[in-house]
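Reader: I should like a close look at a single part of this model, set within its surroundings. Please take one helix and explain how it is placed.

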Amino acid sequence: MHHPRQRPGKTVLLTFALAALTCVTMTSAQEPDFGDVGFEFPPEPPPQAADTPTEFDGVPLSIPGGATEALLFYLFGGTLLVSALGVCISRSVVRMATWLFFTLGAASVLYFLLGAAFLGAIQLIVYAGGTLILLVFGVMLTSKSPWVRYDCPRTEMAAAAGVAIVLFAGLLTLLTRTVWPGTAPMARGGTVAEFGKELLTTYLVPFEVASVLLLVVMIAAAYLARQDR
Amino acid sequence: MTQMSVPWRPRGKAKFDGPAGMVAGGAKTVFAIFAPFVRAFPGAIMLSAVFGTIVAVWAHYLLFEVVDIALIGSTFNIPANTGLLGGPLTVEEARSALTQIGAPAAGFLCYLLYPVQYGLVRDLVAAGGILGFISVIPLYTIWWERKVAGRIQSRTGPMRVGGWHGWSQSMADGIKLICKEDLCPAGADKPLFKLAPYLAFVPAILAFFALPFGTYWVFRQLDVALVFILAMLGIEVLGVIIAGWASNNKWSVYGAMREACQMVSYEIPMGMALLIPIMCVGTLSLTTIGDTQSGGWTSWIVFRSPFTFAAALVYYIASLASCKRAPFDLPESESELVAGFHTEYSGFRWSLFFFAEYAAMFVVSGLLVILFFGAWYSPLPLLWADGLGESLPARAVKGVLFAGPIWFIAKCVFLLYVQIWLRWTLPRIRIDQVLYACIQVLLPLMMLILLGHTFYELLVPVGGVVWTLFNLILSTIGAVLMIGMLFVATYGCWNRVRLVGNLGRELLPGS
């Protein structure tokens with residue numbers, strides 16, 4: 001049975017280097033200062049006004065900081081972790097894709113919990129509804145045997161384990177050294193209209209660069225897929 | 001009907017076991033109780049069931065509203081963390097709120113009103129309503145589809161089960177499907193095979209959670225409702241693809257691949273067509289988009305400009321492809337692929353795919369209605385209803401004549417009918433023709449429409465001469481099309497004996 005050989009040697013090395021770099025950056029910051037990375041936690045939201053009638057019209061997904069939110073967070077956080085593990089462990093590519101679907105879905109629920117509904121919906125439509133389908137479609141079109149399995153050699157497994165350990169150490173260091181704010185910052189004041197306005201004014205250049213990149217990819221794909229004459 | 005003699009040995013009383021048997025037995029009992037009545041008075045029971053449902057749903061809605069008024073009017077502070085027990089309202093306050101409004105039987109109603117103040121209770125009630133709706137819609141759409149298919153092909157369709165025009169055919173099918181063996185092929189990827197129907201069905205339910213049936217008739221008023229529903233329609237496809245793949249059957253994989261390529265390509269013109277109403281109104285919230293069309297027939301977005309008119313058509317075609325309805329039903333084309341992606345499925349899992357398909361048909365029709373065809377507003381402008389006031393009968397009149405979920409559902413059901421009609425009229429096209437139609441026809445057309453609409457919004461002032469002229473011309477075209485259709489339908493009904501022969505004289509209703 002012929003399995004197409006994967007050649008991830010360079011990729012693994014590159015990932016390894018990136019992970020190490022991230023790690024060094026993380027650990028070198030003795031006292032993490034969020035101002036440095038261009039991110040500021042918004043001030044703690046004022047305690048909920050006691051007599052806001054909109055509380056019952058809008059019916060938020062959950063009351064911030066309440067028991068419901070904690071329950072949902074642990075439920076979907078757990079789903080995310082388990083399904084992410086499933087992506088790594090399963091051998092069948094289509095099963096991996098299914099696990100990945102649950103990972104992406106759980107992540108989008110977490111965005112919804114944070115009040116970032118637009119991000120959550122976009123996550124669902126782009127990754128779960130678009131990329132994943134293309135992924136499965138690609139597997140179906142290119143596979144020669146009914147069950148595509150991903151078997152990787154020992155050396156690559158060892159390299160991947162190394163990368164994982166280094167990344168884990170880095171993340172653990174970050175986790176223990178950071179002084180976290182008491183409550184998670186909610187995405188506030190972000191209606192879709194404001195979001196769009198920001199995207200087309202303040203962040204116009206990155207937005208356009210991303211579109212041009214996608215256009216280039218599209219043209220390249222059309223060029224590759226074109227019939228040879 | 002006399003007992004027919006059959007060549008095989010008559011079976012004893014059917015014995016089922018397990019939960020399926022309980023469901024089937026319960027359904028059989030209910031059926032045995034109700035079927036004779038329905039056989040005797042079909043029309044009256046159908047009318048009263050529809051009327052009763054409307055009144056019951058409306059009563060719930062009014063209850064919610066009264067609670068809102070009572071909660072806002074109460075002098076108590078509403079804590080952010082209202083637990084399950086000990087909410088802001090007591091029974092006594094609920095009673096006083098009811099007496100203030102002047103409701104009858106306040107002493108009894110206050111006990112109903114008390115639990116409704118909790119979000120959880122409301123959510124459960126609303127989710128139950130949505131689940132019920134999703135169960136009823138496929139049940140009756142399938143029956144209806146079979147009847148319409150019969151008429152189009154000069155047959156009668158289901159006529160036996162329940163007595164009156166086979167009204168309970170779908171229910172009988174449902175019982176059969178529940179009792180059927182749950183097969184899983186030996187070579188299949190078992191976990192994925194079992195998961196796939198749920199991956200198709202659950203997103204279809206979730207789409208309803210963001211779909212408004214009226215200005216205040218929505219489970220969750222999401223800011224991003226449109227994107228959310230589109231995402232759910234996209235995820236439903238994943239279920240179909242995985243079903244085809246996990247079956248380990250050539251035909252199923254062909255069906256799944258066709259579905260994937262069809263869906264991925266048609267999502268592009270569909271999404272671009274949906275951008276047009278968003279550009280007109282400037283929001284992704286379906287409730288807001290619907291509410292801008294309250295000014296009667298001419299204010300519907302479809303008649304706003306030539307480009308919105310064309311975009312509505314493009315969206316409708318793309319939506320047919322996205323819920324794999326004919327002429328785009330290649331994923332399950334029975335003439336070539338046996339049954340496509342659901343070849344290997346049986347029993348309840350198989351029926352879940354159909355629940356998902358018919359629910360998705362309703363959702364895409366609902367999107368079309370909200371975005372282009374005046375949402376929950378009737379062709380009469382809402383302004384005319386201003387003099388009616390806020391009393392209960394006035395609101396009922398307003399709900400029936402001007403704006404309400406009834407109008408939304410009626411329009412959606414009409415569009416469902418059009419989908420059925422097209423399915424039994426048009427031949428299925430080939431997969432290369434499907435992709436040609438999308439990528440080389442619909443997509444460039446949609447790009448032109450998008451560009452044209454951008455300039456139209458930019459250059460033609462709203463309410464100016466050109467704008468009004470186009471609006472009036474398009475509204476007239478729409479009205480003429482609608483009246484023409486009604487005319488053709490009436491003509492067909494009038495001449496049914498000449499058109500379908502004795503069938504129309506003996507079996508069809510009203511003959």
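Author: The account below takes helix H4 of chain A as its subject and then turns to the wider setting in both chains.

The model is a predicted one. Chain A consists, in secondary structure, of eight helices and zero strands, so that reading along its sequence gives the pattern α-α-α-α-α-α-α-α.

Helix H4 of chain A covers residues 93–113, which is 21 residues. From the first C-alpha to the last, H4(A) reaches 30 Å, close to the 30 Å expected at 1.5 Å a residue. Of its 21 residues, 17 are buried, so H4(A) is largely enclosed by the rest of the structure. For comparison with the chain as a whole, 15% of the 229 residues of chain A count as buried.

The partner to consider is helix H5 of chain A, residues 117–142. The axes of H4(A) and H5(A) lie 8 Å apart, and the two helices pack at an angle of about 175°. Angles over 145 degrees count as roughly antiparallel, and H4(A) and H5(A) are therefore roughly antiparallel to each other. On the side of H4(A), the residues that meet H5(A) include Val93(A), Ala97(A), Leu100(A), Phe101(A), Leu104(A), Ser108(A) and Phe112(A). On the side of H5(A), the residues taking part include Ala117(A), Gly120(A), Leu124(A), Tyr127(A), Leu132(A), Val136(A) and Val139(A). A general point on helix geometry applies here: an α-helix has 3.6 residues a turn, so residues three or four places apart point the same way.

The end of the helix deserves separate attention. Leu113(A) lies in H4(A) and has 21 C-beta neighbours inside 10 Å; because the threshold for burial is 20 or more, Leu113(A) counts as buried. The C-alpha atoms of Leu113(A) and Ile133(A) are separated by 25 Å, with the two residues 20 apart along the chain. Just after H4(A), Gly115(A) takes a positive phi of about 90°.

Positive phi values also occur in chain B, at residues that are not glycine. Most residues other than glycine have a negative phi. Asn248(B), although not a glycine, has a positive phi of about 55°; Asn248(B) sits in the loop between H8 and helix H9 (250–281) of chain B. With 18 other C-beta atoms within 10 Å, Asn248(B) is partly exposed. Lys324(B), likewise not a glycine, has a positive phi of about 45° and is found in the loop between helix H11 (306–322) and helix H12 (334–337) of chain B. Lys324(B) is buried, having 24 other C-beta atoms within 10 Å.

Chain B as a whole has 19 helices and zero strands, and buried residues make up 36% of its 511 residues. Chain B is divided into domain 1 (19–74 + 86–127) and domain 2 (180–459), whose centres, taken over C-alpha atoms, are separated by 30 Å. The largest nonpolar core holds 134 residues, among which Val224(B), Ile229(B) and Val363(B) touch the most other members. Helix H8 of chain B (residues 225–246) supplies the largest share of this core, 18 residues. Leaving aside neighbours within four places in sequence, Ile229(B) is in contact with Ala207(B), Ala210(B), Leu211(B), Val363(B) and Leu367(B).

Finally, consider contacts with a separation of 6 or more. In chain A, residues 24 or more positions apart account for 70% of them, and in chain B such residues account for 74%.

How values were computed
Residues are numbered from 1 along each chain as its sequence is written. Chains are lettered from A and ligands numbered from 1 in the order in which they are written. This is a predicted model: local features need pLDDT of at least 70, side-chain atom pairs count only at pLDDT 80 or more; totals for chains, interfaces and linings use all residues. A nonpolar core is a set of buried Ala, Val, Leu, Ile, Met, Phe, Trp, Tyr and Cys residues joined through C-beta atoms within 7 Å. A residue is buried if 20 or more other C-beta atoms lie within 10 Å of its own, exposed if 12 or fewer, and partly exposed in between; C-beta atoms are placed from the backbone. Helices (H or I, at least four residues) and strands (E, at least two) are DSSP runs, numbered from the N terminus. Two residues are in contact if their C-beta atoms, placed from the backbone, lie within 7 Å. Domain bounds come from an automatic or database domain assignment. The expected span of a helix is 1.5 Å times one less than its number of residues. Axes are lines fitted to C-alpha atoms, for helices over the stretch in contact, and angles run from 0 to 180 degrees between N-to-C directions. Angles under 35 degrees count as roughly parallel, over 145 as roughly antiparallel, 65 to 115 as roughly perpendicular and the rest as oblique.
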